[in-house]
Every structure is written in C-alpha cells, then in structure tokens.
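I opened this notebook to record what I looked up in the structure, one topic at a time. The entries are kept short and follow the sequence of my queries.

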Amino acid sequence: MTAVDVVSLLGGRFPRVSPRASADFPAINVSAEDLPAVMRVLRDECGYDLLTDVSGVDWGMDAEPRFGVIYHLHSIAGNAYLRVATLCSVGEPPSVPSMVSLWPSADWHERETYDFFGIRFEGHPDLRRILMWDGYPHFPLRKEFPLAGVETVLPDEEVAAETGVKVQPAPMAGGPFVAPQEDTVREREPRAKDESWNERRPKPEN
Amino acid sequence: MVSANNDFTYNSKIEGDVIVTKADAVVNWIRSHSMWPMPMGLACCAIELMASGAARHDISRFGAEVMRFSPRQSDVMIVSGTVTYKMATAVRRIYDQMAAPKWVIAMGACASSGGMYRSYSVLQGVDRIVPVDVYVSGCPPRPEALLDAIIKLQGKVAKEPALGKLFKA
Ligand code: SF4
C-alpha cells in the first residue's frame with residue numbers, strides 16, 4: 001500500500017491524521033488520542049508489521065507541547081517504511097500511549113525513550129530506565145541538559161563511601177567531539193560547540 | 001635392600017647444590033609469572049583483549065593466559081573498554097572481591113581517561129574508582145601493547161616488597 005493510500009485511508013476514518021513533510025519516507029502526523037487506533041489499523045490493515053524504531057523529540061523549552069514521539073514502521077511484505085509522528089500530552093511527565101500491546105519490540109524502545117526524555121508511555125508493562133542507572137534524577141537528551149552532564153552522586157552508596165567519588169561532569173575543553181560539516185576537512189577539527197560552560201569557565205548560577 | 005634415611009639435615013651427596021635467595025625475590029618471581037587476569041571487557045577494547053589470548057599473540061607466553069571469570073581467582077584486572085557510570089559500581093565491586101594482592105591495567109583511552117566520550121554517562125578514567133598500575137594508550141591498543149603492559153606490570157611486581165606487605169595487612 002503506498003503512502004497516498006495510507007493517508008487517504010486513515011484520513012477518511014481519522015480526521016485529525018495529516019500528511020507530514022518528509023525528505024525520505026512517507027510520514028504522517030497523528031494526535032496522541034488517535035494513536036492506538038491508528039497504529040492498530042496500520043498494523044492489521046496496511047501491513048506495517050514491524051516497529052523498527054521509537055524515538056523522542058524535544059521541540060525546545062518554549063514549545064507547547066514540548067515533547068513528541070516518532071515511530072518508524074516497516075512493512076515486510078510491501079518493503080515500505082512509514083514514519084508516524086505524534087506530540088505528547090502537555091504536563092510533567094509528558095505522556096503518550098504505549099505500543100507494547102501492538103508490537104512487543106516497542107518495550108525496550110519505549111524504555112530507552114523514557115530514560116532519555118522522561119516521556120511516560122501509558123500502559124507500558126515495565127517502564128524502568130534502561131541505560132542510565134536507576135534513580136538518576138535527570139533526562140540527558142532534554143534540551144536543558146548540558147552536554148557534559150551534571151554533578152550527581154554515584155549510584156552505589158557502598159562504592160561511593162569506599163572511593164569518595166561523585167559522578168562529576170565530563171570536562172568540556174576541546175570536547176565534545178562534534179565536527180561541524182561545513183568548511184574544509186582542516187577546518188572540521190573536533191572542537192567544542194557547546195562552550196557555554198567548561199572547567200575553565202564554571203557553570204553560571206541562575 | 002632399602003635402608004631408612006636417618007639424615008634430618010641437608011645431605012649434599014644426595015640433594016646437590018643450594019641456591020640462596022631472598023624470600024621477596026621468590027615470592028615476586030612466582031607472582032609475576034602467574035598473573036591471572038580478570039577480563040573486565042566492557043567495549044571494543046575487549047576484542048583486542050581476546051585477540052591477545054588467541055594463538056597469534058599468545059598471552060600464555062607470559063603466564064597470563066588463565067583468564068578467570070571469577071574475581072576470587074584472579075589477581076590482575078584488565079579494564080578494557082568504556083566504563084560508564086552505570087557499570088562503574090560493578091567494576092568496583094568486582095575489584096573489591098578480588099583477593100589481594102591485586103593489580104589493575106587500564107587498557108585503552110576509554111578506561112584510562114574516558115577517551116573520546118566527554119559525556120554525562122562515561123566515567124572519565126577508571127582510576128577514579130580503582131587504583132591503576134599500568135595505563136595502555138591507544139584506541140584500541142594492539143594486543144602487543146597489552147602484552148607490553150603485562151611485562152611492565154611484571155617488572156613492577158618484581159620490585160614490590162612482598163613479604164613486608166604480606167604481614168602488614
Ligand atoms: S579506547 Fe577505543 S577501542 Fe577501546 S573501548 Fe574506548 S573507544 Fe573502544
């Protein structure tokens with residue numbers, strides 16, 4: 001089923017579904033309330049049987065709603081991709097319905113998105129952190145989180161008592177290694193893009 | 001006829017020459033030539049660690065081929081790979097469980113200094129949580145570099161005051 005068909009099929013039944021500008025695959029915008037029903041139609045009637053990716057987006061501190069979730073679907077038989085974008089409900093934590101009941105592969109993807117953006121997936125069977133440690137108080141891919149990290153306490157009290165070490169922010173001078181893709185190769189040396197604060201210029205109190 | 005040997009002292013006719021040495025030298029010789037590594041393989045560097053155990057590089061030439069996956073049976077921890085904060089506590093715990101005397105080799109840029117990962121999740125050098133004896137540079141270091149580190153560590157162990165430390169702790 002081609003992209004136009006998907007949009008016309010869904011558009012007839014879900015008036016809030018709209019096509020989304022995209023450089024590669026067909027993409028649609030879906031509102032969070034319609035999401036479970038739309039996804040079920042996509043899986044059962046349009047043949048998108050594989051959920052390949054779930055990722056979060058932080059649209060910026062001033063955006064309202066601020067967070068979104070992007071799903072990448074693949075149809076194995078039709079060899080076609082589809083991108084589904086939705087915006088989270090406003091509030092803290094922002095939330096969207098979980099897709100685990102439709103695609104079991106959503107389980108770890110959603111945990112990872114929760115881990116990094118703090119987006120709650122309503123109905124997820126086991127929403128725990130997956131890469132950062134349990135009890136870590138921040139969400140590292142939110143826009144206000146500094147690239148070098150923030151000072152925290154080491155997760156294990158026993159080890160912290162033994163070593164006397166805290167989780168210190170990574171040094172920033174000369175890093176992180178983000179190479180801007182303009183200019184010549186010589187100009188593209190690894191350099192600090194985010195030098196808003198580093199070990200020489202401490203983080204300003206605000 | 002077999003006669004009972006009634007000599008309770010040293011009999012030079014039977015037992016031959018005697019070598020006199022210092023207890024430290026003997027203990028250190030044994031220790032340095034039977035290093036049993038704890039392979040703390042956390043990322044890509046661990047592949048090089050495996051390669052150094054394979055036939056081409058053959059870590060057993062240095063008596064260090066007995067990779068123990070139990071901390072109680074190993075005495076040198078080879079931290080090979082990126083130490084994240086989530087993993088750091090496990091690394092420290094395994095180090096604590098190893099029987100003394102114990103040594104640590106930080107293999108590769110990540111284990112030594114955080115490497116290229118200037119980020120919120122990576123411990124900037126495993127020496128923040130365990131005492132490191134030898135740092136190996138490189139990303140990843142070649143197996144020869146790890147073998148060099150083991151030889152360096154053997155040299156360091158050979159100079160340690162073994163017995164004095166044994167009865168102090
Ligand atoms: S030093 Fe390089 S090869 Fe080794 S773990 Fe780090 S990134 Fe991987």
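The entries below deal with the interface, the salt bridges, the aromatic pairs and two single residues.

**Entry 1. Status of the model**

I note at the outset that this is a predicted model.

**Entry 2. Extent of the interface**

I first asked how many residues each chain gives to the contact. Chain A contributes 26 residues and chain B contributes 13 residues. I then looked up the area buried between chain B and chain A, which is about 1,800 Å². Carbon and sulfur atoms account for 64% of that area. On the side of chain B, the residues that lose the most area to chain A are B:Y85, B:R118 and B:Y120. Together these three make up 41% of what that side buries.

**Entry 3. Polar and charged terms across the interface**

I searched the interface of chain B and chain A for salt bridges and obtained 3. I recorded the one between the side chains of B:R93 and A:E158, with an N to O distance of 3.7 Å. The search for polar contacts across this interface returned 6 residue pairs, with both residues at pLDDT 80 or more. I also sorted by class the side of chain B that touches chain A: 5 residues are charged, 4 are polar and 4 are nonpolar.

**Entry 4. Salt bridges in the whole structure**

I extended the search to the whole structure and found 20 salt bridges over all chains. I examined the bridge between the side chains of A:R16 and A:D34, where N and O are 3.0 Å apart. Which parts of chain A does this pair tie together? A:R16 belongs to the loop between α1 (3–13) and β1 (18–19), and A:D34 to the loop between β2 (27–30) and α2 (35–44), so the bridge ties together parts that are 18 residues apart in sequence.

I next compared the two partners with the accessibility classes. A:R16 has 48% relative accessibility and is therefore partly exposed, the class that ends at 50%. A:D34 has 10% and is therefore buried, being under the 20% limit. I noted further that A:R16, A:E33 and A:D34 are linked in a network of salt bridges.

Two further bridges went into the record. In chain A, A:D44 pairs with A:R43, and their closest N and O atoms are 2.9 Å apart. A:D44 is partly exposed at a relative accessible area of 46%, and A:R43 is also partly exposed, at 25% relative accessibility. In chain B, B:E144 pairs with B:R142, and here the closest N and O atoms are 3.1 Å apart. B:E144 counts as partly exposed at 39% relative accessibility.

**Entry 5. Aromatic pairs**

I searched for aromatic pairs over all chains and found 5 in the whole structure. How are the rings of A:W133 and A:Y136 placed relative to each other? Their centres are 4.6 Å apart and their planes stand at 65°, so the pair is edge-to-face; the cut-off for that class is over 60 degrees. A:W133 is buried, with 6% relative accessibility, and A:Y136 is buried, with 4%.

I then turned to A:F145 and B:Y120, which form an edge-to-face pair with 5.5 Å centre to centre and 90° between the planes. This pair crosses between chains. A:F145 lies in the loop between β7 (120–122) and α4 (157–163) of chain A, and B:Y120 in the loop between α5 (108–113) and β4 (134–136) of chain B. I asked whether these two residues are buried or exposed. Both A:F145 and B:Y120 are buried.

I also recorded one aromatic cluster, formed by A:W133, A:Y136 and B:Y85. B:Y85 had already appeared in Entry 2 among the residues of chain B that lose the most area to chain A.

**Entry 6. Surroundings of B:S113 and A:D34**

I looked up B:S113, which lies in helix α5 of chain B. B:S113 counts as partly exposed at 34% relative accessibility. The C-alpha atoms of B:S113 and B:T82 are 9.4 Å apart, although the two residues are 31 residues apart in sequence. Leaving aside neighbours within four places in sequence, B:S113 is in contact with B:R118, B:Q124 and B:G125.

I closed by returning to A:D34, in the loop between β2 and α2 of chain A. Which residues are in contact with A:D34, leaving aside its neighbours within four places in sequence? I found A:F14 and A:R16, and A:R16 is its salt-bridge partner from Entry 4.

Technical notes. Residues numbered from 1 in each chain as written. Chains lettered and ligands numbered in written order. Predicted model: local features only at pLDDT ≥ 70, side-chain atom pairs only at ≥ 80, totals over all residues. Heavy atoms only, no water. Contact = heavy atoms within 4.5 Å. Buried area = accessible area lost by both parts, 1.4 Å probe. Polar contact = N/O pair within 3.5 Å; in protein donor to acceptor, adjacent residues only side chain to side chain. Nonpolar A, V, L, I, M, F, W, Y, C, P; charged D, E, K, R; others polar. Helix = DSSP H or I, 4+ residues; strand = E, 2+ residues; numbered from the N terminus. Buried < 20%, exposed > 50% of the residue type's maximum accessible area, 1.4 Å probe, protein only. Phe/Tyr/Trp six-rings, centres within 6.5 Å; stacked < 30°, edge-to-face > 60°.
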